[in-house]
Amino acid sequence: MTVRRLRGIAAAAVATTALVTACGGGNGSAGGDGKVQLALVAYSTPQAAYKDIIAAFQKTTAGKNVTFTQSFGASGDQSRAVGNGLKADVVAFSLETDMTRLVKAGLVAGDWNSGPTKGMVTDSIVVIGTRKGNPKGIKTWDDLVKPGVEVITPNPFTSGGARWNIMAAYGAKSNKGADQNAGMTYLDSLFKNVPVQDDSGRKSLQTFTGGKGDAILTYENEAIFAQQNGQAIDYTVPDATLLIENPIAVTKNSAHAKEAKAFLDFLYTKDAQTIFAKNGYRPVTQDATGVTFPTPPQLFTIDDLGGWPDVTTKFFDAKTGLVADIERKLGVATEK
Amino acid sequence: MTTVMTPVSGPGAPGPETGSSRRAPLRPGTALGLGSAVLYLSLIVLIPLAAVVWRSTEDGPNAFWQAITTPDAWAALKLTVGASLIVAVVNLVMGTLIAWVLVRDRFPGKAVVDTIIDLPFALPTIVAGLVLLALYGPESPIGINFAYTRIGVVLALLFVTLPFVVRTVQPVLLELDRDMEEAAASLGARPLAIFRRIILPNLMPAMLSGTALAFTRAIAEFGSTVLISGNLPFKTQVAAVNLFGQIESDNLTGAAAISTVLLVVALVALVSLDLLQRWGSRRG
Amino acid sequence: MAKLGLRTLALVYLLFLLILPVILIIWRTFGDGLGPFFEALTSPSAVHAFQVTLVVAIWAVVANTIFGVGVSLLLVRHSFPGKRVLNALIDLPMAVSPVVVGLALILVYGRFAPAGGLLESWGIQVIFSTPGMVLATVFVSLPLVVRAIVPVLEELGEEQEQAAHTLGASPLQTFGRITLPGIRWALGYGIVLCLARSLGEYGAVAVVSGRLVDQTQTLTLFVEERFQNFDQPAAFAAATALALIAVVTLLLTKLLRPKD
């Protein structure tokens with residue numbers, strides 16, 4: 001191999017790189033030739049749904065010239081990343097507090113939740129997941145605290161989304177917050193049956209499908225997603241459970257506010273909501289077709305329990321929260 | 001491969017001072033080159049690492065101590081160091097054994113085995129994790145499920161550290177002068193005694209340096225443990241994974257503290273390695 | 001007898017730790033035939049992941065090769081104060097956990113860091129973007145080319161170079177006609193190692209990437225992400241592709257290895 005050939009190879013390598021970089025796409029927000037590029041930053045579970053919705057959006061007149069970059073991850077992590085500079089035009093999270101964090105950072109307008117759906121784009125509920133066929137017959141909140149039952153749920157201090165699980169349990173057992181003692185006693189017993197607490201909801205689902213635990217507290221859409229992907233999991237809708245509401249907004253510093261708003265509006269159309277429904281989410285509009293969801297007789301919302309700001313302070317403050325106390329007794333980390 | 005597997009193996013200054021070559025003093029052009037090299041190294045390696053140590057001490061020694069003694073961080077550090085020590089010892093024994101078999105034994109397919117020993121070094125860590133999960137996870141065809149257990153963690157670490165001891169011992173074994181062994185054998189010494197008295201002392205420096213490298217690699221490991229150990233905090237979460245979680249949670253000071261601990265442990269291991277090699281080369 | 005025992009022990013250990021798992025993955029991937037394998041690898045996301053991986057790896061290899069050759073010459077052919085320190089510092093990346101690499105880069109090049117903020121104001125985003133991933137990959141593969149070339153440079157000796165110099169050759173000519181051909185196999189070996197390491201990096205890029213699917217997702221990140229989404233076929237296919245690349249690397253390095 002002569003020196004000349006080596007030089008030739010080096011030149012070819014550089015040329016290839018230049019070519020691939022040009023084709024592979026840089027990170028500019030102009031996709032080239034009149035196209036607008038929007039950055040969607042979302043939590044992990046709606047990834048499959050957004051893939052289809054974006055494709056549908058790009059077939060409409062509003063979405064014809066729009067391309068997307070998508071980032072998915074744990075809700076809290078994604079929210080923090082946007083705060084740290086991850087570019088985003090549309091942000092979608094699992095939990096309202098992840099959105100208010102960005103409002104406080106000046107990245108999302110304060111009136112993001114002033115629309116008819118209060119800024120929520122999808123709903124779900126907390127369900128009890130079990131092995132296929134439910135061999136241990138775990139159907140109710142009381143079944144979860146029976147001795148010898150192992151329940152999987154994530155750590156609510158690392159996974160903001162995990163707080164839905166806790167508040168569902170609390171709300172169900174405290175008569176929607178009326179009887180705090182009963183609620184806290186239940187949570188105490190519940191946590192005694194939790195062998196491990198993963199960092200995020202998706203990870204806890206994988207712990208469960210990996211063979212650990214008898215039951216899992218999870219969201220209906222996660223359970224449906226797992227089933228759609230061949231995982232051997234069943235789930236029961238408890239009589240009393242919490243309505244999960246997922247917020248979405250356009251960022252204040254979006255370079256393409258018009259197109260971002262157009263995408264946001266598209267998400268409330270029948271087509272988009274139907275796609276969400278097919279992926280296991282409960283639609284927020286009335287006209288989605290094709291999928292029905294059972295209505296729990298005693299469905300309650302986080303507002304019934306005081307709203308997220310109050311609940312976060314009362315239950316999930318790292319030092320003084322009621323749940324922090326329980327975690328500390330178990331030796332689990334509450335500092336984030 | 002030895003040169004690369006044991007990057008710190010060379011004595012401090014590269015190259016013996018061979019008779020005829022005086023090292024050329026720095027000319028302006030070369031000084032520019034040196035400056036660029038130092039700049040490159042600083043921008044990419046030195047300044048960022050310094051930033052980690054700086055950040056960990058930013059809020060004072062109390063905050064540092066608190067960050068590494070939070071229940072999950074401490075558990076992760078304990079598990080990491082403990083598992084890495086176990087793995088180092090296993091590698092010391094098995095690595096030497098494998099090197100011995102590769103050098104002194106002959107069997108069909110030996111060349112193939114010799115080549116694939118380096119596979120863990122070439123394989124991406126996440127792939128290593130997936131590969132182990134296939135055989136030792138929930139869908140294992142032989143019915144073993146080590147996922148979400150500490151054994152899974154040890155397995156992952158054993159996999160990625162496999163080549164280290166083997167590749168440091170092998171060349172030494174190859175170079176070993178067999179005259180002494182043959183003399184001892186002819187005088188009636190048994191194989192085990194020969195090994196213990198003649199071979200082992202010559203191999204020891206290489207064995208220990210390979211072990212130190214394996215240990216350093218094990219404490220830093222991330223990718224291969226992510227899948228098989230399930231990263232259950234307190235049970236199977238290694239330091240690097242805990243660290244990852246802290247970064248994602250924007251707890252950069254805490255993350256920096258744990259990082260500094262890992263760096264210090266690695267440094268201690270490598271300095272010991274350097275001292276060991278000087279001792280080894282002095283023995284000749 | 002003891003010989004047989006040792007051999008068996010070694011082979012059984014290797015069988016269960018190394019050989020069986022790799023065979024199993026390959027078997028699982030191709031269990032349904034070649035079709036699904038190619039299908040999984042030609043999905044838009046997989047293709048993007050290949051592209052991102054390739055771009056990042058090539059940049060890292062080019063950078064570290066230039067650095068590697070330059071530093072090797074400095075270390076072997078010259079003397080200067082601090083040479084031993086420089087030599088030790090070059091090996092530093094081998095001792096650093098990949099996640100620490102990511103953290104270190106965030107602390108310096110993140111948006112809220114001094115250097116990062118400055119670059120952002122010039123429109124260059126490092127973290128959550130390709131430059132950050134290139135930096136991370138450069139970091140982890142930094143020593144490889146240097147360590148491959150240095151021993152060979154030492155062995156080559158300076159006589160030929162000095163002779164060329166006395167005959168009037170410029171440094172560049174000397175390098176191109178004498179030094180480079182002398183180290184070409186070692187250089188090739190170092191480049192292959194560097195490339196393999198860069199293609200396979202996971203931890204450091206996981207931290208700095210921002211998880212932008214199709215944008216900052218390397219093939220290794222693709223494997224993990226697909227696995228987390230219960231898409232085993234895609235995860236296994238990509239993992240096998242990476243494993244095959246690793247095997248090719250092994251064979252290449254065996255060919256190029258500087259003969260002891």
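1. How much area do chain B and chain C bury between them? About 7,900 Å², and 76% of that sits on carbon and sulfur atoms. Bear in mind as you read on that this is a predicted model.

2. Who takes part in that contact? Chain B brings 91 residues and chain C brings 87. There is 1 salt bridge across the interface of chain B and chain C, and it can be put down to C:Arg7 and B:Asp105, whose closest N and O atoms are 2.8 Å apart. The polar contacts between these two chains come to 9 residue pairs, both partners being at pLDDT 80 or more. On the chain B side, helix H2 (residues 28-57) of chain B supplies the largest share, 16 residues. Sorted by class, that side of chain B has 67 nonpolar, 13 polar and 11 charged residues.

3. Now turn chain B around to its contact with chain A. Here 16 residues come from chain B and 16 from chain A, and the area buried between them is about 1,300 Å², with carbon and sulfur atoms giving 53%. If you want places to click on in chain B, try B:Tyr148, B:Leu232 and B:Ser249: they lose the most area to chain A, and together they make up 34% of what the chain B side buries. The side of chain B that touches chain A splits into 6 nonpolar, 6 polar and 4 charged residues. No salt bridge turns up across this interface (the count is 0), but 4 residue pairs are in polar contact, both at pLDDT 80 or more.

4. How far should you trust chain B? Its mean pLDDT is 85, and 89% of its residues reach 70 or more. The start of the chain is another story: over residues 1-21 of chain B, pLDDT stays under 50, although the model has 42 contacts for this stretch beyond four places in sequence. I'd read those contacts with the low pLDDT in mind. Among the elements of chain B, helix H1 (residues 2-5) has the lowest mean pLDDT, 38, while helix H4 (residues 71-104) has the highest, 94.

5. On to salt bridges, of which the whole structure has 21 over all chains. One of them joins B:Asp118 to B:Arg167, with the closest N and O atoms 3.0 Å apart. B:Asp118 sits in the loop between helix H5 (110-116) and helix H6 (119-122) of chain B, and B:Arg167 in helix H8 (residues 150-175) of chain B, so the pair ties together parts that are 49 residues apart in sequence. Both B:Asp118 and B:Arg167 are buried. B:Asp114 belongs here too: B:Asp114, B:Asp118 and B:Arg167 are linked in a network of salt bridges.

6. Chain C has a couple worth a look as well. C:Arg111 and C:Glu120 meet through their side chains at 3.8 Å, N to O. C:Arg111 is partly exposed at 33% relative accessibility, and C:Glu120 is also partly exposed, at 23%. In the other pair, C:Arg197 and C:Glu201, the closest N and O atoms are 2.8 Å apart. C:Arg197 counts as partly exposed because its relative accessible area is 28%, whereas C:Glu201 is buried, with 3%.

7. What is chain A built from? There are 13 helices and 11 strands in chain A, and 54% of its 336 residues are buried. Of the contacts in chain A with a separation of 6 or more, 72% are between residues 24 or more positions apart.

8. Why is helix H8 (residues 201-209) of chain A described as largely enclosed by the rest of the structure? Because 7 of its 9 residues are buried. The buried residues of H8(A) are A:Gly201, A:Arg202, A:Ser204, A:Leu205, A:Gln206, A:Thr207 and A:Phe208. From chain A, they pack against strand E5 (120-131), strand E6 (151-152), strand E7 (215-219), helix H9 (220-228) and strand E8 (233-236). Chain C contributes to this packing too, with helix H11 (219-228) of chain C. After H8(A) comes A:Gly211, whose phi is positive, near 115°.

Note on methods
Residues numbered from 1 in each chain as written. Chains lettered and ligands numbered in written order. Heavy atoms only, no water. pLDDT = per-residue confidence, 0-100. Helix = DSSP H or I, 4+ residues; strand = E, 2+ residues; numbered from the N terminus. Contact = heavy atoms within 4.5 Å. Buried area = accessible area lost by both parts, 1.4 Å probe. Salt bridge = Lys/Arg side-chain N within 4 Å of Asp/Glu carboxyl O. Polar contact = N/O pair within 3.5 Å; in protein donor to acceptor, adjacent residues only side chain to side chain. Nonpolar A, V, L, I, M, F, W, Y, C, P; charged D, E, K, R; others polar. Buried < 20%, exposed > 50% of the residue type's maximum accessible area, 1.4 Å probe, protein only.
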